[in-house]
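The points below are offered as a colleague's reading of the structure. They take up the sheet, the contact between chains, two helices and the backbone.

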Amino acid sequence: MQYLVSVINDSDSLATPEEMAAITVFNEGLQAEDHWVFAAGLASPLSATVVDNRGAEVMFTDGPFLESKEYIVGFWIMDAADLDVALKLAEKASKACNRKLEVRPIL
Amino acid sequence: MVAALTTRFGDLDIAEEAAAEAFAAAVERWPADGTPPNPGAWLTTTANRKAIDRIRRENKRDGKQKAAQLLYDNEPPEPLDALTDERLRLIFTCCHPALAMQSRVALTLRLVGGLTVAEIARAFLVQEAAMGQRITRAKAKIKAARIPYRVPSAADLPERISGVLSVLFLVFNEGYLATGPDTDPVRHELTAEAIRLARLIRAEMPDDGEVAGLLALMLMTEARRNARVSSRGELVTMQKQDRGVWDTSLIAEGHGLVRERLVAAAAGVAPGRYQILAAINAVHTYARDVRDTDWSQIVALYDQLLGLDPSPVVALNRAIAVAELDGPEVALAAVDRLDDRLASYHAYHATRADLLRRLGRNEQSRAAYDKAIELAGNTAEVAYLTRRRDQLS
């Protein structure tokens, strides 16, 4: 089963060199144990564009869909047999990137 | 039985419904047909059939495969007593840390305790529809997020047991604090339910110290229930309780468990929170008369508890014991140090009020009682505090 593990940032700070190093080590572990599917960092929400083509004319809006203090700054897609496994991985991931995470099942 | 069905069919909903239908069928058929020689097996077989029927009706692909497996499964149904592992799995699943505490409590009472949604709703003073939704969502999360249906691994067990015990303690306290004439009687059954579940877990995990500790704590606390509220619906503190109405068999059972854990502690197994709280209760309930209470033992135990759990509430309770040993002035000094952390806790103000009263500082005592009354939620407690305040000259 796959889980989307989103990294939540609550300030403007980016990952420090120590955090990057820890994330790399964590990712190597993920790959070695076959839990890795994909992972990536995201550009700031300021660089986002909202696209809404539900109506007659498409609308483009500058900025994130939700204005909030907390926002997603990166994510993993992890493969895990069940939530216990996913949570264990997320525990390590949270420590490594020094951020709060959200673990959500992928349908 | 729900546990075994969940293992077999991998779905809490189907298991629950099948179990309910089997019981309903039994209620309908047994009076007429007579009770079958092995009622447990009859129920299990009936429930299995109902579950298979439902899976077939719903045409789930997964279900079809499972149903196919089951049709070829020639094992006789397990006797109900061999469900120990199943029950543990169910309890640990209902108490999973990924579920909110409220959800864990509701799910455990529903699926393990067998209480109806209406009963649980009344017990926690919540609308029935809201409670039903809470339970439905919890089951949906278990399914969607794939919370595994199993007993945690040895490495994870201590933390997960702690989670289960928190749920039971919450249920117990909810039941125990329910006092006063307007209380729904269902709330009293919560203490019995918490004790029953703790006994169940103790039977499966007889070597776990904290399980024993919590059970002992609950037994000795429950033993004092009849002495706790006066005929006028007022709270009676332990100092003033009629010890003659304490349940001696529950106390004896609690003491037995505490003694067992003392032996383990002497052999080097460090006691956890519940074991220490149980030991404190044991010292209290050991005294036939309140004047025989071994307060220095109690203070020593609170010192040990502070080492594990340096919370201000523990410090407050320790100070109450210190007042008996070293007098109210020393105790008050210790209590006042907790002001910034306990200002919104009614028991903090009640404690201060009592100590100030003993020191003859009536004005300040009255003010503290007022604060305590304002913050207290329990009618019996409010009645008690009001009387104490009004008795100040």
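**Notes on the predicted model**

1. The model is predicted, and a residue just after a helix is a convenient place to begin. B:Arg146 is partly exposed, because 18 other C-beta atoms lie within 10 Å, whereas burial would require 20 or more. B:Arg146 belongs to the loop that links H8 to helix H9 (157-176) of chain B and comes just after H8(B). Its phi is positive, near 60°, although the residue is not a glycine.

2. The helix before that loop is regular in length. Helix H8 of chain B comprises 17 residues (128-144), and its end C-alpha atoms are 24 Å apart, which agrees with the 24 Å expected at 1.5 Å a residue.

3. Which residues of H8(B) are buried? They are B:Met131, B:Arg134, B:Ile135, B:Ala138, B:Lys139 and B:Ile142. These residues lie on the same side of H8(B), because the arc they cover around the axis is only 125°. The other side of H8(B) carries the exposed residues B:Ala129, B:Ala130, B:Thr136 and B:Ala140. The buried set includes B:Arg134 and B:Lys139, which the authors may wish to mention by name.

4. Helix H6(B) presents another picture. Ten of its twelve residues are buried, so H6(B) is largely enclosed by the rest of the structure. The buried residues are B:Ser103, B:Arg104, B:Val105, B:Ala106, B:Leu107, B:Thr108, B:Leu109, B:Arg110, B:Leu111 and B:Val112. From first to last C-alpha, H6(B) reaches 16 Å, close to the 16 Å expected at 1.5 Å a residue. After H6(B) comes B:Gly114, with a positive phi near 75°.

5. How many residues of each chain take part in the contact between chains A and B? Six residues of chain B are in contact with six of chain A. On the chain B side, five of the residues are nonpolar and one is charged, with no polar residue among them.

6. B:Ala98 touches residues of both chains: A:Leu83 and A:Leu87 in chain A, and B:Ala145 and B:Ile147 in chain B, leaving aside residues up to four places away in sequence. B:Ala98 is located in the loop between helix H5 (84-94) and helix H6 (101-112) of chain B. B:Ala98 counts as partly exposed because it has 16 other C-beta atoms within 10 Å. Its C-alpha atom is separated by 30 Å from that of B:Glu21, which is 77 residues away along the chain.

7. Chain A contains an open sheet of four strands, in the order S2-S5-S1-S6 and with antiparallel pairing. At the edges are S2 (36-41) and S6 (100-105), each of which pairs on one side only. From one strand to the next, the twist averages 20°. Strand S1 (residues 2-9) and strand S5 (residues 71-79) of chain A run antiparallel and are joined by eight bridges. Within this arrangement, A:Tyr3 has A:Met78 of S5(A) as its bridge partner.

8. A further backbone feature concerns chain A. Most residues other than glycine have a negative phi. A:Asn98, which is not a glycine, nevertheless has a positive phi of about 60°. A:Asn98 is placed in the loop between helix H2 (83-97) and S6 of chain A. Buried, partly exposed or exposed: which describes A:Asn98? With 14 C-beta neighbours inside 10 Å, A:Asn98 is partly exposed, since the exposed class ends at 12.

Note on methods. Residues are numbered from 1 along each chain as its sequence is written. Chains are lettered from A and ligands numbered from 1 in the order in which they are written. This is a predicted model: local features need pLDDT of at least 70, side-chain atom pairs count only at pLDDT 80 or more; totals for chains, interfaces and linings use all residues. Two strands pair if DSSP finds at least two bridges between them. Helices (H or I, at least four residues) and strands (E, at least two) are DSSP runs, numbered from the N terminus. Axes are lines fitted to C-alpha atoms, for helices over the stretch in contact, and angles run from 0 to 180 degrees between N-to-C directions. Two residues are in contact if their C-beta atoms, placed from the backbone, lie within 7 Å. Ala, Val, Leu, Ile, Met, Phe, Trp, Tyr, Cys and Pro count as nonpolar, Asp, Glu, Lys and Arg as charged, and the others, Gly among them, as polar. The expected span of a helix is 1.5 Å times one less than its number of residues. The arc is that of the directions from the helix axis to the C-beta atoms.
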